[in-house]
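Work through the exercises below with the sequence and the coordinates side by side. Each task is followed by a solution that proceeds step by step.

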Amino acid sequence: MTTKVLRIDASARTQNSVSRDLADHAVSLIPDAEVTSRDIGQGLPHINETWVGATFTPPESRTEAQSEALALSDEILQEVQDADTIVISTPIYNFNIPSTLKAWIDQIGRAGVAFKYTENGPVGLLEDKRVVIALASGGTDIGSNVDFATDYLRFIFGFVGIKDVHFVLAKGDDNAEAHETLATLLGDRIAA
């Protein structure tokens, strides 16, 4: 059975990137993967007033400018909706995620598409997906008091309905432990 994998690369480094190396390994461990890749490391548009207005306007009532403002968001959301597994490679810059990854999250975080409001609070609509986040850090440990990345990512993916979120951290130049963790994580998931 084919697994649809969405790969997101957020590192500004395209050469010698530890997080991208981890993502290469993660994707290679998924048999029969059909991979869609989006490299956001060199930038992604931030949301603006036109974009926000468009998200609160029914599709049939949107102006041409509003439809154009949401075109990339629609494409990105479709990639997420189509994926079974999302592999994100990201460094931790200044104790948090790069702004390009935040911009990607802003593009998918749309009411009525990624989540909806109910009388009991918000409900995520992007269920039945797994996210594997390959992190590279020069010294920020997952769960430490200076890690502002993992709690945010776990929360935001949970908010849109994705509860199966895993982090794999490489620190410095020694990635052996991170590669072993990926093999165990993805091997266990594939065998299950």
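**Exercise 1.** In this predicted model, locate Phe-56 and decide whether its side chain is buried or exposed.

*Solution.* Begin with the position: Phe-56 lies in the loop that connects α2 (49–55) with α3. Next, take its relative accessible area, which is 67%; because exposed means over 50%, Phe-56 counts as exposed. Finally, look at its surroundings on the surface, where Phe-56 joins Ile-47 and Val-52 in a nonpolar patch of about 290 Å².

**Exercise 2.** Determine which residues touch the most other members of the largest nonpolar core, and which element gives the largest share of this core.

*Solution.* The largest nonpolar core holds 33 residues, and those touching the most other members are Ile-86, Ile-88, Leu-101, Trp-104, Ile-133 and Phe-157. Turning to the elements, those giving two or more residues include β1 (3–9), α3 (64–82), β3 (85–91) and α4 (99–108), and the largest share, five residues, comes from α4. As a check on one member, Leu-101 contacts Ile-8, Ala-10, Ile-40, Ile-88, Thr-90 and Leu-153, once neighbours within four places in sequence are left aside. A second core of 17 residues, separate from this one, includes Val-18, Leu-22, Ala-23 and Ala-134.

**Exercise 3.** Identify the buried residues of α5 and the elements against which they pack.

*Solution.* First list the buried residues of α5, which are Thr-150, Leu-153, Ile-156, Phe-157 and Gly-158. These buried residues pack against β3, α4, β6 and β7. Then follow the chain beyond α5 to Gly-161, whose phi is positive, near 105°.

Note on methods. Residues numbered from 1 in each chain as written. Predicted model: local features only at pLDDT ≥ 70, side-chain atom pairs only at ≥ 80, totals over all residues. Heavy atoms only, no water. Core = buried A, V, L, I, M, F, W, Y, C linked by side-chain atoms within 4.5 Å. Buried < 20%, exposed > 50% of the residue type's maximum accessible area, 1.4 Å probe, protein only. Helix = DSSP H or I, 4+ residues; strand = E, 2+ residues; numbered from the N terminus. Contact = heavy atoms within 4.5 Å. Patch = residues over 30% accessible without salt bridge, like charges linked within 9 Å, V, L, I, M, F, W, Y side chains within 5 Å. Areas by Shrake-Rupley, 256 points an atom, 1.4 Å probe, with all protein chains shown as cover. Salt bridge = Lys/Arg side-chain N within 4 Å of Asp/Glu carboxyl O.
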